[in-house]
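Please open the structure in a viewer and keep the selection panel at hand. The stops below are meant to be followed in order.

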Amino acid sequence: GEGFRLSFHLKYTPLQRNTSSGPFGVGWGNFPQLTLDCDTCVKPRITTGENNKLQPSPRLQLQANLSNVVGAARSFIEVDVRMGVNELGGAIEGVTLVAASLGKVTFDGLKIFNGNCADQPAVCGGTCGSGYTLIFTVNGNSVETTPFSVNGNNRSPEWLPPSIEHNTLIEATVGIRTPSFSLKAADANYDPVTIVQSSSFEGVNITASQWSNPNPSVNPTCPRPITSNLDMSVGADAIVDLTLTCRALPAVFPTSDDIVDVCFEAIDTTLMVNSLSTRTTASAPRCVRVKLETATRPVFVAPYFKDGRAPLPEGGMMAESLARRVHAQAGCLLELPVTVQEMGVDAMGGMLDSRLQVMPLHTTVTTVYEQYPIPSPLPPGAELRVTNASRGNNTAVLAWRPMRGDDGHVFTVCLSVRSVFDGGACEQRLYATAELGQAGEYCIDVEVERCRYCPGPGEGGLMEIAKVWHTSFLALWAGNAMRPDDVADGVSIDMGIRFGAGNSDTLEGLAVRFGVREEWLLEWNPDLGTDAAAERGRERLSSE
């Protein structure tokens, strides 16, 4: 009929308890037929490379039986492709399940990976038939291509036990040899097989033996016979060692690139029947996933901040955990020693001989209303007084004298470590080791307090300072136990009280309430930019 309908029963609607959708179709017909839509797609042309990509890509047109009339379908149903003839000797690489678009399907990038013994001349006694076929299936109906040959009638090598499993994870540390693993491969054509590294990764040492059997064929121009009984008693053998070198490590560590794939292929060489030339084919890649581990493992030990997301360090080597936030005042010199210590071990189990140096990484500024990174790695005017890189540990001093205008801001200063090890051959920048209590970057929050100030040389006594700060001499004198005319350089002065603003307070209202100017309130609280900023939260405003 006209198609399907959906009916809905509405339980709590007094006026209408049932309703139905309009008619709709599902697909178009029952798809009794499926055909390739062009002659060249019936026998795909094969490239001469090892990947054997089908060109042009196979294309199909779905057909539907509509009232006993066969026509083009306009469906979005999925179509599957698989190997047909000589299925056990070949394999498909690429997407094998594709949804139709208005009844048309194209399998882009489809590859036949292994070779085949097809198209042998009669004199060679070929028994493999005329090659591979592909079978496309939709809704229980199938269509099969005519046979085609792949890559010079040659089968590719196969991996045999005791080869390591594909994508096995291996941890590798600089200077420490990883356990060896085995690879073995053979070829069903009895062609010579060699195991090689197929990915670019330094530090791979292969001890391999080639495999080659005598040619049992009477006619040397014929392909060697096919065997189906390959086992671990035959084939090329390889023992692989991974010795991680510094050049394999990323310059900054840890990183998302600390796992790399190291792949191997078994390569054979076969004699072409017609041209008497040779051609090689390759096995499927056999890869190991190598997790790169640097030998150096510096950790910040003072001041030590325990990150709640990371496990506690073992051995009690860390200093007592401190609050992450450090307080500073405008005009006052902050000097904070920071110590880093080597926790890595060498190949003999002793402490790694490294030279460490604390270095700046980046700085972020935070207020109640915003957060933003600054271009320089340290706060303006700050410096990291570092000593020469020392063996096993290094202490640097974060020295900074905040300026007026930094009040109310929190400067998050993040640090890294430069480590030189392996006799000077390796150099890396690191920032944390999670198993030592720190789950991410090592950062120190420096909060510049409001209403605190250290006058510098030549700023005079309380009278002169009060004038600059728009306050009164008596207010400063009452809040600070010091002689009014003799203020020592670098001594912190309490400049006034701190007031918690309410949700309905505005700068204008507070200025009237305390008898001061709005611009003075902004000067005392430089992180407040507008009335709206004061209205948004309960920011602390300083006043007389």
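The tour starts with the whole protein and then visits two sheets.

**Whole protein**

Begin with every residue displayed, bearing in mind that this is a predicted model. In a cartoon view, the protein shows 5 helices and 38 strands. Colouring by burial would mark 43% of the 544 residues as buried. With the surface switched on, the accessible area is about 27,600 Å², and carbon and sulfur atoms account for 52% of that area. For contacts between residues at least 6 apart in sequence, 70% connect residues at least 24 apart.

**Sheet with S25, S27, S32 and S30**

Next, select S25, S27, S32 and S30, which lie in that order in an open sheet of 4 strands with antiparallel pairing. Strand S25 (298-302) and strand S30 (383-386) form the edges; each has a single partner strand, so one side of each is without a neighbour in the sheet. Viewed from strand to strand, the twist averages 30 degrees.

Now restrict the selection to S25 and strand S27 (residues 334-342), an antiparallel pair joined by 4 bridges. Within this pair, pick Phe 300, whose bridge partner in S27 is Val 340.

**Sheet with S15, S17, S20 and S19**

Move on to another open sheet of 4 strands, ordered S15-S17-S20-S19 and also antiparallel in its pairing. Its edge strands are S15 (158-159) and S19 (204-209), each pairing on one side only.

To finish, select S15 together with strand S17 (residues 181-186): these two run antiparallel and are joined by 2 bridges. Label Glu 158 and then Ala 186, its bridge partner in S17.

Technical notes
Residues numbered from 1 in each chain as written. Predicted model: local features only at pLDDT ≥ 70, side-chain atom pairs only at ≥ 80, totals over all residues. Heavy atoms only, no water. Buried < 20%, exposed > 50% of the residue type's maximum accessible area, 1.4 Å probe, protein only. Contact = heavy atoms within 4.5 Å. Areas by Shrake-Rupley, 256 points an atom, 1.4 Å probe, with all protein chains shown as cover. Pairing = 2+ DSSP bridges. Axes fitted to C-alpha atoms, helices over the stretch in contact; angles between N-to-C directions.
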